[in-house]
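Subject: Structure handover

Hello,

I am passing on the structure we spoke about. Please open it first; my notes follow underneath.

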Amino acid sequence: MLFRTETEPLKGFEGVLGHGIPVWTIGSCFADNIGRRLRDDLFEARANPFGPLFNPASIERVLSRVASGEEVSPADFFEHEGVWRSFEFHSRISGATPEEAAENANRLIRAMREELPRLGCVTLTLGSAFAFTEERTGRVVANCHKQPAPLFRLGAMTPDESYGAVSRALAALRSVNPGLKAVVTVSPVRHAAYGQRRDKLSKASLLLATSRLEENGEAVYFPAYEAMMDDLRDYRFYAPDMAHPTEQAADYIYELFARSFFSKETLRIAAEARKLSLLKAHRPADPVRHARAVAELRAALLAKYPQLKNAIDDNGNS
């Protein structure tokens, strides 16, 4: 007798991701979950470099900037509590002065633009069809940065609007890298602030948009939302806020992701690579002995898998 509807890995997409080939995970905070685990497995992964982006319009805006190389200016930032921020980005992109904030953003835009021609895959996680629009400019914002509510109006993007935003973003990236592979998913994180019914309507709208992307051959759909809602579907898999998946749930969905998009060889390398990440995260009683063990494992991995060098040397993994 079965007591759950288990989500199966996708078939026919093994090898979409591989070591030594850059991958970006962009979108809601769940994109951070996937990206962090890819980095732990020593993929060359950028996990939400501009911070979480929940609606499709904001995802389109930043990826179009990367594809075109269009940089921001200090005038695009405003000051709040001594920090300069932009409505286009999460607070991860900020600075003590408008010039510093703009340079932090532009440095990232330039680095990603340079990396784009060799990018293997981009994974877009759509969080919500609801979006805040700045009244003054009429532009959708990525983050309100705790500014007064009257400055914005809340609206819901239609399935056509969400599809159009993601489709244009992918087209912009592929204008530079025609062979780029794309995976889209709907975040399993609940947006309780909108109410249960409105959140479900939002997710349904995004599901319709991603279905169209898949039907048109623009992206592969990965069922993270379905794995949480229909497979795990138990409050023990939710964090105390009853909105975000637990680490155990995120691990389960990542395993499903890996079995869908990694080849058998990649799965094997990832398992070995994670040993280094786990060792480095360990708090040792003997730091000298621990450092030696890390260096030895690092050297052994590089000797066996030279394609891991960029990921191992990256600041997030070194």
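Please keep in mind that this is a predicted model. The notes take one strand, then one helix, then three residues with a positive phi.

Strand 5

Strand 5 covers residues 121-126 and is mostly covered, with six of its six residues buried. In a regular strand, side chains alternate between the two faces of the sheet. In strand 5, C121, T123 and T125 point one way, while V122, L124 and L126 point the other way, and all are buried.

Strand 5 has strand 1 (residues 23-27) as a partner: five bridges join them, and the two run parallel. As a place to look, V23 stands opposite C121. Strand 9 (residues 181-186) is also joined to strand 5, by six bridges, and this pair runs parallel as well. Here T123 of strand 5 stands opposite V183 of strand 9.

Helix 1

Helix 1 runs over residues 29-40. Its 12 residues should span 16 Å at 1.5 Å a residue, and the end C-alpha atoms lie 17 Å apart, so the two values agree.

Which residues of helix 1 are buried? They are C29, F30, A31, D32, N33, I34, G35, R37 and L38. That is nine of the 12, so the helix counts as mostly covered. What do these buried residues pack against? Their partners are strand 1, strand 2 (45-47), strand 5, helix 6 (224-232), helix 7 (247-261) and helix 8 (264-281). Strand 5, described above, is therefore among the elements that helix 1 packs against.

Residues with a positive phi

Most residues other than glycine have a negative phi. Three residues here are worth a look on that account.

- L42 follows helix 1 and has a positive phi, near 65°.
- N48 has a positive phi near 45° and is not a glycine. N48 sits in the loop between strand 2 and helix 2 (56-68). Its relative accessibility is 1%, and the cut-off for buried is under 20%, so N48 counts as buried.
- M242 has a phi near 60°, again a positive value in a residue other than glycine. M242 lies in the loop between helix 6 and helix 7. Its relative accessible area is 36%, which falls between the 20% and 50% cut-offs, so M242 is partly exposed.

If you want a place to begin, try strand 5 with its parallel partners, strand 1 and strand 9, and then turn to helix 1, whose buried residues pack against strand 5.

Regards

Technical notes: Residues are numbered from 1 along each chain as its sequence is written. This is a predicted model: local features need pLDDT of at least 70, side-chain atom pairs count only at pLDDT 80 or more; totals for chains, interfaces and linings use all residues. Side-chain values use heavy atoms; hydrogens and water are left out. Buried means under 20% relative accessible area, exposed over 50%, partly exposed in between (1.4 Å probe, protein chains only). Helices (H or I, at least four residues) and strands (E, at least two) are DSSP runs, numbered from the N terminus. Two strands pair if DSSP finds at least two bridges between them. The expected span of a helix is 1.5 Å times one less than its number of residues. Contact means heavy atoms within 4.5 Å.
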